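Me: I should like to learn how to read the secondary structure and overall fold of a model. Could we work through one together?

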Amino acid sequence: MKKRLITAGTVVFWILVWQAAAMLVGKSLLLASPVEVAHRLIELIPENTFLSSVLFSTGKIMLGFFSGTVIGVVFAVLSGKFVFFEKLFSPLITAVKAVPVASFTILALIWISSADLSVLITLLIAVPVVYSNVFEGIRATDPKLKVMADIFHISPFKRFVGVYLSQIMPYFRSAVHLAVGLCWKSGVAAEVIGTPKGSIGEKLYNSKIYLETADLFAWTFVIIILSLITERLLLLLTDIAVKRIEKL
Amino acid sequence: MALRADNITKCFGDNKVIDSFTHEFAENCTTVIMGASGCGKSTLLSMLMGVLAPDSGTVTGNQARTGAVFQEDRLCENLSVQSNLRLVVPGRKRSFDAELEAVGLGGCADKPVRELSGGMKRRTALLRALVYEPDILFLDEPFKGLDSDTKRTVMEYCKKRTAGKTVILVTHDKEEADFFGGEIIELQRPLSY
């Protein structure tokens, strides 16, 4: 309770700082005040395009995240099992990590339609994060546990879930925690560059074109909330899986 | 078929840890392997278990259902105590409340192993080996890290559960050796038996 009060107090403090700064600047074109942003948000929500934009961007970004997660896990398992794959994937993962999102986005625009751009970009962001974490989890699994499993003739299912999955899940959870926020940031950035029709990125781009700073802040707030909701939801699902595995 | 080691030798680099060890272990009773730290007790036990190959010589009779308490606990840290025990028994529903109570782990069934103390982990590792109900049980210092009262309780429970079974117990504690009785093999350093 005390912790929540402190968090709420901190948020209120920074909103007040923001309000004071906006009043000091005096031009909503340069810095929209929290009151103006809240007002604009209330106007935006009932609009027809609001929900469709939210669903469009969330759907694409989550599709990219899930695809990237699957690829990252498969790559990590292969690397954990065979050194050949570890060597093979290592430069690829390093390259994907190092290349700026903007470069990928512009290149991807040549290959695919702008509507699917955020799927590919978020996939590329999720793969190295999930790969690195899950691979680390696999490497951290004590090889002596395999000997234990052999001695006790543990069944393949229990061996997979109890010995391996239970060790890897905390690393997977970290990957989810890291990747979701990154996917939202990069996915929306890709949408701003590609401006697919009906996306949140397009709305952000339009707010820049028409100098609607309050819109920019309002949509940014929506992105933060969507990022938090999806992150919490995915972490909750991961925690449920961890608890089930814990109790085998 | 009795567990038998024939002229087994094991070296790690230039260090000969076990040299021409031969012994037939009595069936359905406890054999205690004793000796100072570093004299090769755990190495010998690993070879008897079949998880470490001797450089020369043979081990026979360890194809039976074997269970073990290893030198380290080798527990799945992110699983609960009960899940660690369930790993080694058929099915997924069995409850181990009575067994846990008997070794002083009552109320710990659903606790993740990573949250247990060293002594509690050791007792979980021992219980895992006991609930597996093996034909041959290899115990590598199974009571280390336990306070004297707990140790006594756990030793009594272990003795009761292993009565009439083939047990190979490695320890450097004379009290443990005397408690379990049976044949005592004293490993010496340097390596002679």
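Me: How many helices and how many strands does chain A have?

Reply: In this predicted model, chain A holds ten helices and zero strands. Its pattern along the sequence is accordingly written α-α-α-α-α-α-α-α-α-α.

Me: How does one read a single helix, and what span does α1 of chain A reach?

Reply: An α-helix has 3.6 residues a turn, so residues three or four places apart point the same way. In chain A, α1 covers residues 2-25 and has 24 residues. From first to last C-alpha this helix reaches 35 Å, close to the 34 Å expected at 1.5 Å a residue. Just after α1(A), G26(A) adopts a positive phi of about 80 degrees.

Me: Which values describe chain A as a whole?

Reply: Its C-alpha atoms fill a box of roughly 75 × 50 × 30 Å along the principal axes. Of the 248 residues in chain A, 42% are buried. Among contacts between residues at least 6 apart in sequence, 74% join residues at least 24 apart.

Me: In what order do the strands of the sheet in chain B lie?

Reply: Three strands of chain B form an open sheet in the order β2-β1-β4, with antiparallel pairing. The edge strands, β2 (15-24) and β4 (56-60) of chain B, each pair on one side only. Neighbouring strands of this sheet are turned by 25 degrees against each other on average, direction ignored.

Me: Which helix packs on this sheet?

Reply: Helix α1 (residues 41-49) of chain B does, touching β1, β2 and β4 of chain B. The direction of this helix makes about 125 degrees with that of β1(B).

Me: Over how many bridges do β1(B) and β2(B) pair?

Reply: Strand β1 (residues 4-12) of chain B pairs with β2(B) over six bridges in the antiparallel sense. F12(B) stands opposite N15(B) in β2(B).

Methods:
Residues numbered from 1 in each chain as written. Chains lettered and ligands numbered in written order. Predicted model: local features only at pLDDT ≥ 70, side-chain atom pairs only at ≥ 80, totals over all residues. Heavy atoms only, no water. Helix = DSSP H or I, 4+ residues; strand = E, 2+ residues; numbered from the N terminus. Expected span 1.5 Å × (residues − 1). Pairing = 2+ DSSP bridges. Axes fitted to C-alpha atoms, helices over the stretch in contact; angles between N-to-C directions. Contact = heavy atoms within 4.5 Å. Buried < 20%, exposed > 50% of the residue type's maximum accessible area, 1.4 Å probe, protein only.
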